[in-house]
Each structure stands twice: as structure tokens, then as C-alpha cells.
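Here are a few notes to help you find your way around this one. Have the viewer open as you read.

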2 protein chains.
Amino acid sequence: MADTSHVPATLGAVRADAARNLEAVLTTGARMLAADPAASIASIAAEAGVDRRTVYRRFASREELLAAIYESRLEAIERAIEDARLREAPVAVALHRYVENIIAVNRTWPVDLARMLADDAVRARRDASSREVDAFLRRATDQGLLRSGLPEGWASALLPQLMHLVSRQMPQLSPAQAADVVVDTLLRGLGTS
Amino acid sequence: MADTSHVPATLGAVRADAARNLEAVLTTGARMLAADPAASIASIAAEAGVDRRTVYRRFASREELLAAIYESRLEAIERAIEDARLREAPVAVALHRYVENIIAVNRTWPVDLARMLADDAVRARRDASSREVDAFLRRATDQGLLRSGLPEGWASALLPQLMHLVSRQMPQLSPAQAADVVVDTLLRGLGTS
DNA sequence: ATTAACTGCTACAGTGCAGTGACATATAGC
DNA sequence: GCTATATGTCACTGCACTGTAGCAGTTAAT
């Protein structure tokens, strides 16, 4: 699930255990920062089973660790969109596939992007993904899957929120089952009656 | 909107300007803590237009300030539930009224209760309110307003999320208009088809 | 007008966390 | 087994925030 492609090339040849540690720090960090954005590096390191100093050997600063975590989420989101083929696939298929993918992303990288939007590069990538989804939602509306006349931006705001909610609140559901619930609620709630 | 009934009785006779400052600190604090839960007392005081020391004259510690803010939100929620008459009023009426009230609460006290659930007293009050709403949702289901067979807890989780979303994301809508959107989405999404 | 309450300002100690350096130890790959 | 690489540990500095103290100035209520 997690990859290390955002790690500088000079670290490409790290040992297997080092790579494991790196991944543990990233995913554990994502989980802890989602629960408490002020989580200290010491607590993240402890939870990930490594020494605080080890984290600093990988990441020059707290800021860099956060950047790596958000980078992981951003990349996972971009892969999720690509895999769903939002532009070409039939809207009903693409919607379900996208939702299922994002739910998996939300569970692995539960961090909230909102805290990183100050960074222009992050914001640009997030906006690009958002535009992609917005375009898809317009296509869904044109094809009659969603009804028109809804408040501006309501569908765009509701969809991520539904996915976020089901990701956190319904851990007993598999991503596919959770996607069923989200899609059903969305299509009934915003669909052509 | 904001009251001071949670302030100890010994402060009941504060001067008018002092009461204004107190209210400013509470509402500004709620707004800033919602945006950044680690906001310092100094920054909250500055934003509220008072000295940091003044905050400490009202609240013995940061913890107490937070408690007062969450208390304000809790109380506002309880008033919102009472006013909606969830047990007696016709379900459609009660639902809209409740949603509209909570949206107003969310905009005045946008803090997330999740951070205070460690406190048993807070948790108990939140749970009591939640039970009240859950009972109402069951009544709505019995009367055919919501359909049965939905995943366990889905309606209970979705409703607050919809209200939260519309409170933050659609500031241009009045509470009544925002309530229209939420109720419409909820009833179509979870209603008897 | 007088008084009591309230506020602003400066300075201070205590604390926890970020980030760094040096050195000892452990381990994967040869 | 040897070596390079990665990790653990201790010890330190710097910084931001919490919480406290005293004093001077301001303002609401009588």
C-alpha cells in the first residue's frame, strides 16, 4: 500500500529493515496526526517502535515528515482517480470505483489535507484532483445520474464528506461495502428523483 | 446568543464591559480552536482584543477556558434539542427545526467536541443528547420518514456530518436555507424511496 | 465625584518539544 | 567473519507557551 517513491533517490538503496521503519513512521505518523495534529515526534516515534533520533535521520525537520505524509496521501489520491478512469468509464462504474479507492486511501492516510493548504505546491495538486472530480460530477449531472439545480458546490462538498465519514465511522465495512453505502446515499440524496 | 450562565456565581456581578470581554474571549476562542486546536492563549486573547493576562483572570488555566467553551457548545446543543421538541412535535417539523438550530450552534461554537470526550461529565452530556437524537431518528423510521434496513448507525452518523458540512462549507446560506438542503438530502438519501 | 472593579503592560520562572552532536551498538550483505 | 549502514542513547541548546506577580491607568456604577 505505502510506497517510498517520494524518498530522495540517495535513499533508494536503504536496507530492508530501514525501509520497514520508514514506512512505519509514515503510516503511524499519519494515524497519530489525524487523531491529534499536535502529536510530538517523540510520541510518533515511540508508537512506530523507533527512536526519536531515527526519525530525524530520515527527515530533517518535523515539517519534512509532515510533507512526506501528506505527499503519500496526495499521491494515493491521484492514483485512486487515475484507476477510476473518471473521464472515460461509465459514470456509475467510475463513481463506485473512485469511492472505493478513496475509502482505502482514507483508512491508510487519514490525515486532513486542510492543514497543508498553506503550501502552494500541495494546494495546486489538491486543486487539480478536485477539478478532476468536479468535472466528473458535472458529467454525472449531464447524464442524469445527479439532478441539477442543487446549491452550488453541494455535491462536491458532500461526496468527500460521505467518504470520510464512512471511512472513520464504519470500520466494520470493507471498502467495497462502504462504497455501496456512500454511492447509494449520494445517488438517492442528490439523484434525479 | 452566547450567555454566561456557566460562569461561577461569584462573577455574576461583573461589569458590562467585562462581560463583553468574556463573551469575546469565548466565541473567538471557539473559532480559533476550531481552526487550530493548538492555538495559544496569547493568540486567542490578541484576536479577541484583550490582554493575555485578562484571560487568566477569568480562567485559572487553559484547561478551564476550554471547558467553558465546550460547556457553551454543550448547553447550546441541549437548548437546540429542547426547542425542537424531538419527542412530541411532528417528525418532519422537529427534524427541520433541530437541523436549523444546530446549524446556528455550529456557526457560533464550531469547536469539535471529540477532543473533550476524555472528560466523563462532558461525555455523559454529549451521550445524553445523542440518545435523544437517536430516539428521534427511530421515531422517524417508525413513521416511514426514513427507511429501515440501513447500516447500523448510518443515519446517526450522517446527520451531524451533514449539518457540520453545511455550517462550514455553505456560509452564504442562512440557517433556514441550510437546513432545507440538509433535510432534503437526508430524506432523499435515507428516506423511503 | 468617588470608589471599586477591571484592564494593560512588563518581567519572570517553569516546562515540553524541536533539532543537533558524538559515541556505542547491532545487523544485513558480501 | 568483516564492513558499511542503520539504530539507540545521552546530553545539550533554543524556542514557544503556560502560568504568575506587581503596578499604573481606565472605566462603570453609585
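**Notes on the DNA surface, the chain contact and one helix**

The residues of the surface near DNA strand C come out as 8 nonpolar, 4 polar and 9 charged. Bear in mind that this is a predicted model.

1. Start with the DNA. Strand C is surrounded by 21 residues, and the closest are Ser61(A), Arg62(A), Ala18(B), Asp51(B) and Thr54(B).

2. Which elements supply at least two residues each to the surface near DNA strand C? From chain A they are α1 (16-35), α2 (41-48), α3 (52-58) and α4 (62-84), and from chain B α1 (16-35) and α3 (52-58). The most comes from α3(B), which gives 3 residues.

3. Now for where the two chains meet. Chain B puts 16 residues into the contact, and chain A puts in 16 residues. On the side of chain B that touches chain A, α7 (154-169) and α8 (175-190) of chain B are the elements giving two or more residues. The largest share there is 6 residues, from α7(B). That side of chain B divides into 10 nonpolar, 5 polar and 1 charged.

4. Last, have a look at helix α2 of chain B, residues 41-48, where Ile44(B), Ala45(B) and Ala48(B) are buried. Why do these residues sit on the same side of α2(B)? Because they cover an arc of only 95° around the axis. The buried residues of α2(B) pack against α1 and α3 of chain B.

5. One backbone detail to check: Gly49(B), just after α2(B), has a positive phi of about 80°.

Methods. Residues are numbered from 1 along each chain as its sequence is written. Chains are lettered from A and ligands numbered from 1 in the order in which they are written. This is a predicted model: local features need pLDDT of at least 70, side-chain atom pairs count only at pLDDT 80 or more; totals for chains, interfaces and linings use all residues. A residue is near a molecule or strand if its C-beta atom, placed from the backbone, lies within 6 Å of it. Helices (H or I, at least four residues) and strands (E, at least two) are DSSP runs, numbered from the N terminus. Ala, Val, Leu, Ile, Met, Phe, Trp, Tyr, Cys and Pro count as nonpolar, Asp, Glu, Lys and Arg as charged, and the others, Gly among them, as polar. Two residues are in contact if their C-beta atoms, placed from the backbone, lie within 7 Å. A residue is buried if 20 or more other C-beta atoms lie within 10 Å of its own, exposed if 12 or fewer, and partly exposed in between; C-beta atoms are placed from the backbone. The arc is that of the directions from the helix axis to the C-beta atoms.
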